[in-house]
Amino acid sequence: MNFLQFGPDDLAAIAPEIVLAAMGGLIVLLEAFAPATRRWFATLSLAGIAGSLYFLRRAPAGASFAGHYDTSALAVAVGLFLGATAAVAVLVASSYLERAGEERGEFYALLLWGHLGVSLMTRGLDLLIVFIGLETLSLSFYVLASFFRRTEASSEAGLKYFLTGAFSSAFTLYGIVFLFGKSGGILIANLARPGFAADPLVTLALLLLLVGFGFKMSLAPFHAWAPDVYQGMPTPAVAYLSVAPKGASLVVLYRVLSAVFQDGMPDRFRTGVAALAILSMTLGNVVALAQRDVKRLLAYSGIAHMGYVTIALAVFGWESLAAVIVYFFAYLVANAGAFAAVAALYRDETRPHPIGLLAGEGRRAPFRAAVFTLCFLSLAGIPATAGFIGKFFVFKAAIERGFYALAVIGVLNSLVSIGYYLKVVYFMYMRDSVEPEGPPPMAMADRLALSLCAAGILALGIFPAPLWALARRAAETLPFASP
Amino acid sequence: MDTLLQDRLLTVVVFLPTAGAALLLLFPESASKAAKWFAFCVSVVEFAVSIPLWTRFDVAKAGFQFVEKSDWIPSIGISYALGIDGISLLLILLTTLLTPVSLLFSVSHVQKSVRAFSIAFLLLETGMIGSLAALDLALFYVFWEVMLVPMYFIIGIWGGARRIYAAMKFFLFTMAGSLLMFLAILFLAVRHRALTGAWSFLLADLARLDLSPSTQALLFFAFALAFAIKVPVFPLHTWLPDAHTEAPTAGSIILAGVLLKLGVYGYLRFALPLFPEAALRYAPWVGALGVIGVIYGAMVAYAQKDMKRLVAYSSVSHLGLVVVGIGAFTTTALSGAVLQMVNHGLSTGALFLLVGVLYERRHTREIAAYGGIAGIVPVTTALFLVATLSSIGLPGLNGFVGEFLVLVGTWSSPHRWWAVAAATGVILSAVYMLSLVQRVFWNPLVHEENRALPEIRKTEFVAASVLVVLMVWIGVRPNDILSRLGPSIEAVQRSVSQRQALAAGGLRGPSLGLENSRPPFAKRTPAAQVR
């Protein structure tokens with residue numbers, strides 16, 4: 001087929017990404033030629049995200065570009081998740097950048113372009129598009145990581161993310177090349193052929209992909225970059241990076257694995273994935289207990305959470321993918337909300353974010369502290385919050401397929417996690433403040449972002465039925481082998 | 001509104017406090033006095049609303065009443081199912097009664113972040129009542145865990161010197177138990193789906209699953225652990241003295257009065273009907289741990305120098321007796337055990353309240369810091385004495401009836417020696433409680449500062465005397481309560497014994513009256529179910 005021949009339907013299918021690219025370009029141009037419009041950048045970015053979601057909803061059903069690009073229910077559900085994450089990040093960014101004195105349009109443009117990359121990753125039905133998306137994401141976020149040029153920590157974050165990112169991209173690319181060589185095509189659908197999974201080279205390729213995307217997910221043992229990068233990167237960018245690319249990576253893995261494993265996941269492969277899950281949960285949770293910096297703590301908590309979702313990957317099957325989608329929506333509202341609260345609670349961005357500085361904020365900044373607490377309760381998986389629903393479906397999928405040990409290790413880990421989540425809560429509510437200077441005044445956008453996350457945590461936690469229906473429809477589009 | 005109170009009375013009772021808490025968010029932070037009284041009024045209205053549960057409860061009926069059922073997450077069979085029998089009725093009323101009592105006490109004693117305190121308390125009430133009314137296991141688990149969070153804050157923010165440690169320990173202990181229960185609940189639902197093809201988390205559906213003895217034993221262990229930590233059964237009790245001692249007075253009242261009972265309640269409501277064979281097989285262990293709890297708690301209580309800690313350990317002892325009654329499993333013993341839960345809620349609630357009264361005046365809980373104050377605070381002394389006598393089971397007061405029934409019921413069970421051993425605990429309770437009264441109120445007055453000890457306030461007096469009135473009422477007319485308990489207790493027993501006899505096929509047992517699926521279902525192979 002000729003890639004350059006495409007019709008209006010194909011254009012409609014890729015319109016969401018076109019909108020993002022164009023809006024990013026517009027913001028860069030405005031920054032250069034009309035800097036007075038800066039205060040509208042956040043609004044423009046939100047408009048871009050909203051427009052992209054609008055076109056995504058209206059995209060014609062079925063794959064486009066001759067089967068290279070996905071417009072199915074899965075693309076829509078994941079797109080909704082990604083768009084919501086980007087929206088929270090933009091909302092948080094507006095007042096955050098102003099406080100940090102770095103209110104530059106590049107931030108929004110790079111965020112939108114990174115978002116575009118993640119969308120490509122999740123919608124690509126061919127490995128080349130996936131890789132292009134991955135690289136677009138990575139390049140944008142290499143720059144975002146070192147956005148505070150004058151701060152040492154930020155430069156360090158940029159360099160670390162770049163080096164490990166380049167390394168992991170190489171793994172991914174090797175994996176793609178092997179798959180290409182064995183299947184003779186770049187379409188993921190081409191991988192679905194009998195006996196393909198038994199080929200050792202294919203297994204090697206899948207392992208390479210697992211490593212490559214494991215890096216992006218900050219799955220142990222490929223997690224080492226996360227704490228340092230989170231610490232130095234501007235917090236709104238972390239709110240995005242710590243959620244969206246992780247979900248996207250998992251979706252790509254599901255796409256590839258569901259195509260290759262026509263007869264279900266082989267046991268040895270599953271054992272490996274399960275081992276990663278256990279390692280990631282345990283390491284993330286135990287190391288998080290020792291953290292003193294809030295952003296590092298959230299980084300390790302993220303590593304642990306990737307362990308929980310990897311349980312679902314090990315379980316495999318559409319229920320597990322639906323559980324992953326629900327989990328990521330829950331993780332979005334709680335984790336992006338937590339970073340939004342971090343952004344709104346700390347005054348000085350050039351310094352680290354010790355937990356101790358939060359002492360007494362429960363009284364000085366009751367709204368922000370309350371939302372932060374709610375986010376932690378959700379991350380800990382306390383019922384009536386979104387996080388519980390996420391864990392509920394993941395553990396249900398595990399028990400349904402008989403993986404009792406994984407489920408037990410999972411819940412014991414969430415017990416450990418309570419130790420550090422409550423530590424932050426303890427500082428906010430049960431210690432008197434040490435810092436004479438309180439938290440910065442709260443901007444309207446911060447309040448909006450925090451309210452949305454809090455509402456999301458409670459809404460998904462109390463009325464999860466619509467989300468589960470959405471996730472289920474999305475998951476059923478992949479060709480899972482019936483067990 | 002009328003139909004709401006008619007058809008959805010339980011929903012109203014469960015969520016009225018939440019609505020009150022939501023309204024409290026609208027209060028300005030500074031309006032602490034208004035917030036206190038508003039929360040108190042909400043809890044009084046809540047009590048008033050819960051009265052019809054008592055009056056409209058059909059004493060002759062054995063099944064669940066005031067049943068409500070609607071879908072919650074229909075695609076996996078989670079429903080919003082509420083209903084109460086005599087056991088939950090009593091505990092719900094105990095909750096709606098103790099909450100205003102605690103809040104009334106707090107009106108004059110909580111100064112810090114009053115609004116947040118009131119919100120936490122009201123949310124806690126929703127969690128407790130919800131757990132007592134839920135008939136769907138997923139729903140139950142949600143309420144069960146939701147209780148933890150407000151209690152964590154109540155201990156951690158408004159508690160005593162070692163509050164942080166106590167709050168954390170409370171949270172982790174309780175959570176540790178319930179997480180395994182969570183997996184067990186999921187397992188049951190998955191098994192139900194494999195056997196019948198339909199998802200359900202309803203107790204009535206899951207109670208009819210036929211499980212192999214080893215599976216039952218594992219699941220029973222997961223449930224029993226969660227409940228045993230909550231009760232707490234020896235040796236899982238170590239969180240209790242810390243939590244009770246460090247919690248603010250109102251928190252201690254609710255902890256001792258209601259939260260502990262939820263462990264026993266959960267055992268009766270869920271663990272017994274779900275895993276009858278395992279429950280009967282392990283009943284000797286349950287009873288033996290109860291006996292150890294009775295004696296151990298009493299002996300440790302006697303050694304305490306801190307009033308609150310003493311009362312806390314007395315809870316371990318008293319709850320031990322309740323556990324003995326559950327383990328004995330005769331109708332009399334079970335009735336006595338449930339009644340004793342209510343009695344303990346009243347007497348220990350009153351004791352914590354009165355200790356709180358003294359503490360707020362002297363800011364010490366050391367027994368040695370008091371002595372000879374009977375003449376200075378005669379009203380406090382009198383109330384304390386009544387609560388003490390109720391706690392040690394003086395005939396004419398409520399404690400006697402409960403203890404007597406448990407001991408008689410246990411004596412007629414196969415485990416006669418438990419009754420003998422547990423009876424020593426009753427004697428020991430007189431030893432440590434009377435010596436407490438002796439050392440605090442009688443003995444010569446040695447500390448001069450106690451001469452100016454102010455008498456109990458009006459609000460405190462009202463709060464305490466409500467409890468005292470109930471102690472006398474139950475002591476004199478225990479049948480008002482026992483008549484409501486009888487059919488429910490027998491239903492629990494039937495659900496265990498018949499299910500044992502009928503075990504056969506994929507589903508078993510008599511109907512509990514609220515199931516989604518109807519027997520008989522052919523046993524299908526699991527492979528045919530899972531997509």
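Visitor: What share of the contacts in chain B with a separation of 6 or more comes from residues 24 or more positions apart?
Guide: In this predicted model, such residues account for 81% of those contacts in chain B. A contact here requires heavy atoms within 4.5 Å.

Visitor: What makes chain B as compact as a globular protein of its length?
Guide: Chain B has 21 helices and 2 strands. Its radius of gyration is 23 Å, and the globule rule gives 24 Å for 531 residues; the two values are close, so chain B is as compact as a globular protein of that length. Along the principal axes, its C-alpha trace spans about 80 × 55 × 40 Å.

Visitor: How much of chain B counts as buried?
Guide: Buried means under 20% relative accessible area, and 66% of the 531 residues of chain B count as such. The accessible surface of this chain comes to about 17100 Å², with 68% of that belonging to carbon and sulfur atoms.

Visitor: How far apart do the centres of the positive and negative side chains of chain B lie?
Guide: The centres of the two sets, 38 positive and 27 negative side chains, lie 4 Å apart.

Visitor: How do you know that the span of helix α15 of chain A agrees with its 15 residues?
Guide: At 1.5 Å a residue, residues 366–380 should span 21 Å; the end C-alpha atoms are 21 Å apart, so the span agrees. After α15(A) comes A:Gly381, with a positive phi near 85°.

Visitor: Why is α15(A) called mostly covered?
Guide: Because 12 of its 15 residues fall under the 20% limit for buried. Among them are A:Arg368, A:Phe372, A:Cys375 and A:Leu379.

Terms used:
Residues are numbered from 1 along each chain as its sequence is written. Chains are lettered from A and ligands numbered from 1 in the order in which they are written. This is a predicted model: local features need pLDDT of at least 70, side-chain atom pairs count only at pLDDT 80 or more; totals for chains, interfaces and linings use all residues. Side-chain values use heavy atoms; hydrogens and water are left out. Helices (H or I, at least four residues) and strands (E, at least two) are DSSP runs, numbered from the N terminus. The radius of gyration is taken over C-alpha atoms; the globule rule is 2.2 Å times the number of residues to the power 0.38. Buried means under 20% relative accessible area, exposed over 50%, partly exposed in between (1.4 Å probe, protein chains only). Accessible areas come from the Shrake-Rupley method with a 1.4 Å probe; for residues, only the protein chains shown count as cover. Lys and Arg count as positive and Asp and Glu as negative; His and the chain ends are not counted. The place of a charge is taken as NZ of Lys, CZ of Arg, CG of Asp or CD of Glu. The expected span of a helix is 1.5 Å times one less than its number of residues.
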